[in-house]
Amino acid sequence: MAKKLKFKEPAAEVKPREPGAEGIKAFLNAEQMHKLSRVVLQSRYVVEGNLAGAHRSPLKGASSEFAEHKAYGIGDDPKHIDWKVLARTERYYVKRFEDETNLRVYIILDRSGSMAYGSGDVKKFDFACQLAAALGYVVVKAKDSVGMFVFSDKIDMRVEPRDTLNHLHNTLKRLQDVKPDSRTDTAKNLHQIAESIHKRALVILISDLLDDEQAIVQGLAHFRKQMHDVVVLHVLDPVEIDLSLKQGFEFEDMETGEKLTVDPRGVARDYQKAFGEFLEYYRVNCQAMKVDYRLVKTDQPVETYARAYLEERRRLR
Amino acid sequence: MISFLNFSFVFAFAALSIPLILHFIQSSRTQRLPFSTLRFLKLAQRRSSRRLQMENFLLMLLRFLLLALLVLGFMMPIVRTKKFGNVLSRTARDVAIVIDHSYSMNYKLNQQVVWEQAVELATTVIEGLGDNDRYCVYLAGDQVTPVFGERMSGNKEEAAARLRSLPMPVGSSQLCPATVAGLDLMEQDSRRGERELHIITDYQLLPWGSFKQNGERADTADDVPARPAAAGESLWDPSKVSDSVTCFVTLLGTAEPENSATMDVELEPRLITAETPCQVTVKLSRTGPPLDSVVSIFLDGAEVGRQSVMLGIDGANMVQFALPPMSGGVHTLRVETPEDSLAEDNPFYFLIRVREKLPVLCVGDPDSLLYLKAALAAGVGGVSPINAQAVQPNALPGENLAAYSCIFLSNTINLPGQQITQLEGYVAAGGLLVIFPGSRALLSDYALWTTLPVESLSMIDLPVEQRKRLLTWDQPQHPVLWNLVEDGLAPSLVIKRQLKYEGLKEKAGSIVSTGSGEPFLVARPHGRGAVMLFAVAADRSWSDFPLSPFYLPMMHQLTQYAAGVGANKPYLWATDALSLTEYLPEATRESVLKDPESKPVSLRSSVGESGNVIHAEGLTKPGHYTLSVTGGGASNPALAINMPRVESDLTSLRPQDLPDILGISALHIAEGKDDLLKKLDDFRIGRSLGETLLWLALLVAIAEVAYSNFLLRKNSKLTDTLKMEASGRLKGN
C-alpha cells in the first residue's frame with residue numbers, strides 16, 4: 001500500500017517569526033526587514049509613475065536635468081524658450097528636461113499545485129511568498145509602489161500598486177490565506193496581466209515555470225512588448241533539479257494526480273539532462289528578450305538571496 | 001558425468017527466487033512521493049529504459065549467478081571422468097600393479113620403510129577396487145615376479161595377506177620388464193573396460209633406465225643409467241600401450257635421499273702370504289649433501305682400523321686401511337659405514353685367503369728342472385715363499401693337482417692323453433699351467449693339447465747371426481711383468497732354438513715377444529685358469545734364458561699370478577643361485593654351507609660335462625658364509641656375500657621427467673599415498689568442483705558489489721554542473 005511520505009532533506013534556515021503574526025510580519029521577521037532596509041530595487045529601464053520619484057520617466061518634466069532642445073511650436077510654454085540660443089541663431093528653441101518618477105512594481109506569484117512541493121521544511125510557495133514580501137518591502141521602503149497578482153489557472157488575486165507600508169501589509173495579509181492547490185495556466189494569466197498593466201512598470205514573475213515553456217516565453221514577450229522591465233525568479237527545490245533521492249518511489253503529480261513508479265537512482269542522469277535543457281531554454285530566451293532570468297533555489301535564506309540579487313542589479317544598472 | 005556429494009542441498013536452489021521476492025516486496029512497499037511534475041521523470045524514464053533494463057538485467061544475472069554458484073558449491077558437484085562408462089555398463093576395471101622390489105625400497109624415512117609403504121599402498125589400491133574389477137601384481141626385481149600368478153585376479157581378500165608376506169627387497173630392479181609383463185597380461189586377458197597401470201617405486205632414477213627406448217640409451221653421466229637388457233627384457237615402446245590404459249606412477253619416500261655405501265674393496269697385494277702386511281682400499285659412494293663420515297674395518301670380528309673421510313656430493317671417495325700380518329687361512333673382514341636410512345649397504349663383507357707358502361709342482365727330469373727349481377727356491381733371507389715340488393713325468397698321475405696353484409711342465413709335453421686331460425681339468429678349475437718346450441717332444445705331441453694358445457707351431461734353429469734377440473713386453477700391464485717393467489731394462493737373449501707359432505687361438509695373447517715380433521710367451525685362459533707357453537726351454541739347451549736377470553723374477557711372478565688367477569673373489573654379490581663347484585672346488589655333496597645366521601643353505605647337486613656340479617641356492621643374506629666340507633667337521637669361512645651396490649646410488653628422479661621417459665600421455669604422477677588416492681578419486685570418481693564454485697561465487701559477489709557501486713556513483717548533481725551565481729544568474733554553456 002502506498003503511503004504519503006514527507007521526504008526530509010537539508011533545508012534553508014527558517015527564521016523564527018512571531019507566532020500568530022499577520023501581514024508582513026507573517027513572512028519577514030525584524031532582522032530580515034532590517035537587512036532589507038538598506039537595499040533598493042532599481043529598474044533597468046524607464047518607467048511611468050504617477051508621482052515624482054527616483055526613477056527615470058519617459059516624460060520630460062521639471063527636473064534640473066537637461067535633456068534636449070526642441071523647436072518652439074504651438075502649445076509650448078514660452079517660458080521654456082532658450083533665449084541664449086535665440087540670440088545666437090535668431091531661431092526659437094525650447095529647453096526640455098528629464099522627468100523623474102516613482103517605480104511601480106508588479107509581483108506576479110504562482111500558486112499552482114506544483115508550488116506546494118518542498119523536499120525540506122520549506123515549500124516552494126512559502127519561499128515564493130517570503131521572496132515577494134521581501135521585494136515588496138524593499139520597494140515600499142524606497143517610496144515606490146508595489147502591486148501583486150496571484151494566479152493558478154486564473155488570476156486569483158489582484159492588488160493595485162501603492163507606495164505605503166500599510167498597503168503592503170494588507171496585501172500580504174491577504175496572501176496568507178492563499179494555498180497552492182490548483183492546476184496552472186501560466187501563459188494565459190501572463191497575457192491577461194500584461195493587458196491590464198498600461199504604464200511601463202517593473203514586473204516580477206515568481207514561479208516554478210513548470211508549464212508549457214514556449215507559451216510562458218510568449219507571455220513574457222508580451223510584457224517586454226509593452227516596455228515593461230521583466231524579472232523572472234524561477235523558484236525550484238534542489239531535489240527537483242538533481243533528483244537526488246536514494247530509493248524508488250511512486251511519484252504523484254501534485255497538479256494532475258498522475259502516478260509513476262520509478263527508481264530515481266537509475267534515471268537521475270537522464271532526468272538531469274532533460275531538466276538542464278528545460279532551464280537552458282528559459283535562460284536563452286529570456287536573455288534574448290532582455291528579461292532578467294534568475295534561478296532561485298529554496299535551500300537558501302530569502303533575505304540573503306534578495307540582498308545578493310538586488311546588489312547585483314544595482315551594480316549592473 | 002556430474003554427480004553431487006551433497007545432493008540434498010538441491011532445495012537451496014529455491015534461494016534463486018530471493019531476488020525476485022525481494023523485488024516484488026519492494027515493489028509492493030513502494031512509498032508514494034508527491035512531486036511537482038512527472039514530466040521530466042517520464043522523459044528520463046523513456047530515455048533510460050533500455051540502459052536501465054540492461055543494467056538491471058546484468059545485476060539480476062549476477063545475483064542469480066551468485067546464488068546458483070553458492071548452492072552448487074555446497075552441493076559439491078563431482079565431475080566424473082569415466083566418460084560414458086556408467087551409461088554403457090562397461091566400468092569393469094583391470095589394474096596391473098608393479099612394485100619396485102629393489103633394496104633401495106628399504107630406505108627408512110620417519111621410522112617407516114618405503115617398502116612397507118609400497119605394500120600398504122598396493123593393498124589400498126586393490127581393496128579400493130569394485131566387485132567386477134581385476135588386478136595383477138608384479139614385483140620388479142632382478143627378475144619379474146608375478147605375485148598372484150600369470151592371471152588377473154578378482155579375489156581381493158587374499159591380496160592383503162599375500163602382499164604383506166612378500167620378502168623384503170634384496171636385489172636390484174628394472175621397472176620396464178615388469179611393466180611390460182603387466183601390460184601384456186591385461187592385453188591378453190582383455191575385456192572391455194578401463195585399465196590402470198600402477199607403478200609404485202621410490203624416487204630413485206636407476207630403475208627407469210630400462211624405459212629408454214631403442215637408440216636412446218644413456219651415454220652421459222647425467223642421464224638415466226642404462227644397463228644391458230636382461231633376458232626377456234623388451235625395449236619399451238609407448239606406441240604399443242593401449243589407449244585405454246591410464247598409468248599412475250607413485251613415488252614414495254623422499255626426493256632428497258641420503259646414503260653412504262661401500263662400493264668395492266681392493267687388496268694389495270692380491271696374493272697375501274702369512275705374516276706379511278697388506279693393504280685394503282675401500283671405495284665409497286655418497287648420495288646427498290657432503291658428509292663427514294667415519295669408516296671402520298673389522299678383521300675376524302675385531303675392529304682393526306677406523307678413518308674419517310669427507311664424502312662429497314654424489315662423488316666417490318676412497319680410504320685405505322693397512323691390515324696387520326695375518327696367519328695362514330681364511331679371514332673374515334667387514335667394512336662399516338655409519339648408520340643411515342638405507343642400512344642394507346652399510347656393511348661390506350669380504351674374505352682374505354692368507355697362504356702359508358705357494359705350492360708349485362714342477363714336472364720334468366732333473367736336468368731340465370735345474371734352473372727352474374733354483375729360481376723358485378730363491379727368496380729373501382734364503383726363505384722362499386714358494387714351496388716347489390719336483391716330480392718325474394711318470395709320477396704325475398699320483399699327484400693331487402688341486403693342491404698346487406701352479407704347475408710347470410719342462411720338456412714334458414709328450415704326456416699320455418689321460419694325464420693331459422687331467423692337467424686340462426686342473427686348468428679349468430683355476431690352475432695355471434706353464435709349459436716350457438724341450439727337445440724330447442715332437443711337434444705331433446703338441447697337437448694332443450687342446451688348451452694350448454697356438455693353432456700350430458714349428459721348431460726352428462736360428463742361425464748364429466740371428467740368435468741375439470731383444471725381448472719386448474706386449475702386455476706391460478700383465479701381472480707377470482709387473483716387477484720387470486719397473487726395472488727399465490732392455491732384456492736380450494741369445495736363442496739357438498725356439499718354437500715358432502702359426503697363429504694364436506681365440507682369447508690367446510702374446511705377453512712377451514722377441515724383437516722380430518715372434519711371440520716369446522703366449523697365454524690363453526681356459527676355464528677359470530690359464531695356460532702359458534714359452535718359446536724356449538727352461539734350461540740352457542735352447543737359449544740363455546735361465547741365465548738372464550729376469551728369469552728368476554719372472555718365475556716368481558708366474559707363481560704369484562698363478563695363485564691369483566684362479567683365486568676366488570674376496571666377495572660375491574647376493575644371488576639366488578651359485579655354482580659352488582666353481583667357487584669352492586673343495587665342496588662336496590656332503591658339505592654344509594651355512595648362512596650368516598648359521599642356517600644351512602640349500603645345496604643342489606647336478607651332473608655336468610665335467611662331473612658333479614654343486615649349486616647353492618638363496619645366497620641373498622649379506623654376510624659371511626661358512627662351509628663344512630665333511631658335514632660334521634669344522635666350518636671355515638667360505639663366501640662373503642654383499643648386496644649389489646648398484647642400488648646404493650639413490651640419485652633422484654625428477655617427476656617432471658617421467659612423461660618423457662615413459663612417453664605416455666595418460667600419465668598421473670603421485671607423490672605419496674594421499675596424493676595417489678586423491679588422483680584416483682579424481683580419475684575414478686571425479687573431481688569435486690565445490691571449492692572452485694565457492695571461489696567463483698566470491699568473485700561474482702565482488703563483481704556484483706563493484707557493479708552496484710559503479711551504478712550508484714556514476715550520478716553527479718546538476719546543481720554542481722550549473723554555472724550559477726549567488727544572485728541566481730545562470731551563465732551559458
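Trainee: Which helix of chain B lies across β21, β22, β29 and β30, running at about 120° to β30(B)?

Mentor: This is a predicted model. In it, a helix spanning residues 417-428 of chain B crosses β21, β22 (432-436), β29 (519-526) and β30 (529-534). Its angle to β30(B) is about 120°. The helix is α8 of chain B.

Trainee: Which strands stand at the edges of the open sheet in chain B?

Mentor: The sheet has eight strands with mixed pairing, in the order β20-β19-β21-β22-β30-β29-β28-β25. Each edge strand has a single partner strand, so one of its sides is left without a neighbour in the sheet. The edge strands of chain B are β20 (386-391) and β25 (472-473).

Trainee: What is the bridge partner of B:Cys362 in β21(B)?

Mentor: Strand β19 (residues 358-363) and strand β21 (residues 406-410) of chain B run parallel and are joined by four bridges. In β21(B), the partner of B:Cys362 is B:Phe408.

Trainee: Which element gives the most to the side of chain A that touches chain B?

Mentor: The contact takes 46 residues from chain A and 30 residues from chain B. Several elements of chain A each supply at least two residues, among them β8 (249-253), α8 (264-288) and α9 (302-316). The one that gives the most, with 14 residues, is α8(A).

Trainee: Which residue in β2(B) stands opposite A:Phe251?

Mentor: Five bridges join β8(A) to strand β2 (residues 31-35) of chain B, and the two run parallel. Opposite A:Phe251 in β2(B) stands B:Leu33.

Note on methods. Residues are numbered from 1 along each chain as its sequence is written. Chains are lettered from A and ligands numbered from 1 in the order in which they are written. This is a predicted model: local features need pLDDT of at least 70, side-chain atom pairs count only at pLDDT 80 or more; totals for chains, interfaces and linings use all residues. Two strands pair if DSSP finds at least two bridges between them. Two residues are in contact if their C-beta atoms, placed from the backbone, lie within 7 Å. Axes are lines fitted to C-alpha atoms, for helices over the stretch in contact, and angles run from 0 to 180 degrees between N-to-C directions.
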